[in-house]
Amino acid sequence: MSKAHDASAAARRKANEVLTKKQDNERTDARDKQRQAEDAKTAKLKALRLAKEAADKVARETAPSKRSGGARSR
């Protein structure tokens with residue numbers, strides 16, 4: 001009976017190792033997907049910010065300057 005118990009315990013231990021590895025791999029995959037999603041979001045936001053900054057710069061350069069006007073009216 002002891003040999004059967006030892007074999008059963010070994011099988012259980014092996015199954016737990018396999019399950020643990022599988023769970024670790026799933027966690028790693030989920031973490032990688034989350035990082036990729038965050039990286040994509042960050043890249044998108046950066047592109048939008050840079051585009052806005054460029055548009056604002058063009059608007060400042062093409063808009064008539066308020067300080068370089070003619071005579072002031074009071």
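This is a short dialogue on how the labels for a predicted model are justified.

Student: What are the ground rules?

Tutor: The model is predicted, so local features need pLDDT of at least 70, side-chain atom pairs count only at pLDDT 80 or more, and totals for chains, interfaces and linings use all residues. Residues are numbered from 1 along each chain as its sequence is written, and side-chain values use heavy atoms, with hydrogens and water left out.

Student: How many helices and strands are there, and what makes a run count as one?

Tutor: The chain has 1 helix and 0 strands. Both are DSSP runs, numbered from the N terminus: helices are H or I over at least four residues, strands are E over at least two. Helix α1 covers residues 2-62.

Student: What share of the chain counts as buried, and what does buried mean?

Tutor: Buried means under 20% relative accessible area, exposed means over 50%, and partly exposed lies in between (1.4 Å probe, protein chains only). Of the 74 residues, 0% count as buried. The chain exposes about 7400 Å², with 55% of it from carbon and sulfur atoms. Those areas come from the Shrake-Rupley method with a 1.4 Å probe; for residues, only the protein chains shown count as cover.

Student: Why is Thr 20 called partly exposed?

Tutor: Its relative accessibility is 40%. That value falls between the two cut-offs, so the label is partly exposed. Thr 20 sits in helix α1.

Student: What does the side chain of Thr 20 reach, and why is that a polar contact?

Tutor: It reaches the backbone oxygen of Asn 16 at 2.7 Å. A polar contact is a pair of N or O atoms within 3.5 Å; within protein, one must be able to donate a hydrogen and the other to accept it, and residues adjacent in sequence count only if both atoms are side-chain atoms. The 2.7 Å distance is within the limit, so the distance test is met.

Student: Why is the pair Asp 24 and Arg 27 called a salt bridge?

Tutor: A salt bridge needs a side-chain nitrogen of Lys or Arg within 4 Å of a carboxyl oxygen of Asp or Glu. The closest N and O atoms here are 2.7 Å apart, so the pair qualifies. The two residues are 3 apart in helix α1, about one helical turn. Asp 24 is partly exposed at 36%, and Arg 27 is partly exposed at 49%.

Student: How many salt bridges are there?

Tutor: The structure holds 3. One of them joins Arg 49 to Glu 53 at 3.3 Å. Another joins Lys 52 to Asp 56 at 2.8 Å.

Student: Why is Lys 52 called exposed?

Tutor: Its relative accessibility is 51%. That is over the cut-off for exposed, so the label follows. Its partner Asp 56, at 33%, counts as partly exposed.
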